[in-house]
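Biologist: I should like a close look at a single part of this model, namely the surroundings of the bound ligand. Please take me through that site in one connected account.

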Amino acid sequence: MPDPFPPPPRVLRVAVPTPLRRLFDYRPGREAPPGGWRAGLRVRVPFGRRQVVGVVMECGERSDFPLEQLKAVEAWLDAEPLPEDWLWLCRFTARYYQHSLGDTLHQAMPVLLRQGRPLAGRMRERWQALPPPGEDDARLRRAPRQAELLAMLRQHPHGLPTQAIVAQGFSREQLLALVAKGQVARHETPLTAAEPATAGLLAEPALPLNREQAQALAAIHERLDAFHPCLLHGVTGSGKTEVYLQLIEAVVARGRQALLLVPEIGLTPQTLARFRSRFRVPVVALHSGLTDNERLDAWEAVASGRAPIVIGTRSAIFTPLARPGAIIVDEEHDGSFKQQEGLRYHARDLAVARAKHHAIPLVLGSATPSLESLYHAERGNYRHLRLTQRASRHAPARLELIDLRGRPRQGGLIPPAIEAIRETLAAGHQVLVFINRRGFAPTLACHACGWLADCDHCDARMTLHRQPAVLACHHCDKHRPVPDACPECGSADLRPLGSGTERTEETLAALFPKLPVHRIDRDSTRRRDAFEQVLGEIRRGAPCLLVGTQMLAKGHHLPHVTLVVVVNADAGLYASDFRALEHSAQLLVQVAGRAGRASHPGRVLVQTLHTDDPHLRLLAGRGYDALAEQLLAERRAAALPPFRFLALLRLESPREETATALGREAAAMLRQWNAGHAPDVSCLGPVPAPMERRQNRYHVQLMLSAGRRSQLHAACARLTAWLEACPEARRVRWSLDVDPQTLS
Ligand code: ADP
Ligand code: ZN
Ligand code: ZN
């Protein structure tokens, strides 16, 4: 018989939030948690001169240090371990990305848990409509949202928890206002209490699927109890979302949970509304607008299994699931799934690992899949499901290339584009002008001596803004006033060079003075609801002009836009980054997908200096899939991903020589080590980063490339261990990026 009261372990190995890639040994404190010491419990421990929240990862008897020298755990914070699947994912992530486990756990938990807030014993607020008084409350006539909220609560005689109410788009303030008016009562119940069962899963019927959608759904349904990765490759507007909705319905009907990841730009109130109006069960949304409390509530609701559907951006991949049923990644090619600092994970790739671990279906959806996912589909690793028909009658518009050379430009636009805009507006439709640069002009130039407004801190030009007037560096965020005269030669002949969104907006406003011009970029939408307001106006359908960056280009349903003009398609064509072409083709297709989504066919004009560029011609002539084939062949020839795996070591220092010297030493060490241990790994560099100086720091990089992942990982582990032990590395900021999305 096992001892029911085993003696406490002598050593606890704790992951603490530090960049160091190791666990730290502690003695258990005097008081053990009621269930005994186990892996997965949060503890408060002394670390250096601080107190930190760590997670016990192992219980043991031995330490490399004398036991009496170990510090004791200050306090235990959880009686029950954190969720098993979440711990597994954090361990996997730390190993895969060669990141410290302590920091991975820290990043992956809600802020309040990082701060040591208890998870158990939380109380939940419930709100219940009080019996209606004899007459209507007149005050509610002036508060229509509160009246709606009250009507909604009256349909739930047992009351509802805050989360379910917020999930319907109401706020806590509105609840409190109703309490103040005596219409609603607030109760507290323990968080673990089960929700009274709701009748029926669907609040509105599912759409009848077209043949392709039905086939795709049937293919995913074939095996709901096994790892079953599918690439749902469907043109924009082909009804991928409807397939997700019906898959989620099936998953929830089986008592399981579904996790849907969407790009940052895709988690709009419209998207959420679409899911919330379909399902009667709570749909938890995880986005940057939540308070810390709401985030912990959401985490707990999903971890406990109470919330069956969760939709979120990148970091939502770290939501624990009590009963995982399916993971869906919408717009799987989107760059926002990769975190570009700290823990550099790719949420799509973690979704694959997670679905495999849980043995559940995985759906990667996109009109323009990443070359990685296409490659997996071609090799049969993923099931390739295609949707070629749009629900609206019109096929996505083809790209028409128009030649910029030798033609006068106004705000970046040439006469044939302006003419097409005029015709479209005259027909009563809307026009979207896409330009991937915010500000007035990419820079300011002196026409007397050729001076350009360079940033003092970066190898970059400063962007000219007019609203307000300022020169700004988009790399380090430094601002300076616009000079009246050239700082070099004193000439007053300073002119903006090229066009950004502000300049195109100004030009269009002058050309079409009677129509509204809406500019949508990061500057014009700083206020949180500004973007939603403009979108609402655009959807009303009156003729207007939209000028925007990729904020506008992706995801949004703009039914009245029938003409899209791309001001300049050339940025990605000759960029040095190996993914630049792939990404700019995806963006062009997404932008083009905004045209003609409803009852009128669309047209897409693409201005370029390179009408003969073979890649651009292929994209315009035969579409994204043909270009992707070509790019895959080129990647194979160049031994680049997905045919080889990469890792990038970035080094930065205020002194160029310091970073380069460390890079050289690391490369020498690695080449020697690889020869004996990982002969498949090659090491390139150190070389200066494409933009070497940023914020007055010099950036140098070392690239590792391998045909086999296991060897790449072995080499990366060796490299990080070496750097952690290397005294010179303390003077250099370094980071390792496994599967980098860009080499900048
Ligand atoms: P995607 O996610 O592929 O861009 P959506 O799912 O947003 O496409 O669908 C585009 C439009 O087509 C939406 O307005 C949607 O309601 C409609 N739609 C999708 N599937 C169907 C269907 N089976 N029958 C009718 N309309 C559909
Ligand atoms: Zn000058
Ligand atoms: Zn700068």
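Which residue has a polar side-chain atom 2.7 Å from an oxygen atom of ligand 1?

Modeller: The residue is Thr241: one of its polar side-chain atoms lies 2.7 Å from an oxygen atom of ligand 1. Please bear in mind that this is a predicted model, and that the distances given here are computed from it.

The backbone also takes part in the site. A backbone N or O atom of Gly237 is placed 2.9 Å from an oxygen atom of ligand 1. Ser238 likewise contributes a polar backbone atom, which is 3.2 Å from an oxygen atom of the ligand. As for the cover that the protein provides, ligand 1 taken alone exposes 560 Å², and the protein buries 72% of that area.

The wider shell may now be described. Around ligand 1 there are 15 residues, of which Pro208, Gln213, Gly237, Lys240 and Thr241 come nearest. Gly237 and Thr241 thus belong to this nearest group, Gly237 with a backbone atom 2.9 Å from a ligand oxygen and Thr241 with a side-chain atom 2.7 Å from one. Sorted by class, the shell holds 5 nonpolar, 6 polar and 4 charged residues.

With regard to secondary structure, helix H8, which spans residues 240–253, gives the most to the shell, with 3 residues. Lys240 and Thr241, two of the residues that come nearest to ligand 1, fall within the range 240–253 of helix H8.

How values were computed: Residues numbered from 1 in each chain as written. Chains lettered and ligands numbered in written order. Predicted model: local features only at pLDDT ≥ 70, side-chain atom pairs only at ≥ 80, totals over all residues. Heavy atoms only, no water. Near = heavy atom within 4 Å. Polar contact = N/O pair within 3.5 Å; in protein donor to acceptor, adjacent residues only side chain to side chain. Areas by Shrake-Rupley, 256 points an atom, 1.4 Å probe, with all protein chains shown as cover. Helix = DSSP H or I, 4+ residues; strand = E, 2+ residues; numbered from the N terminus. Nonpolar A, V, L, I, M, F, W, Y, C, P; charged D, E, K, R; others polar.
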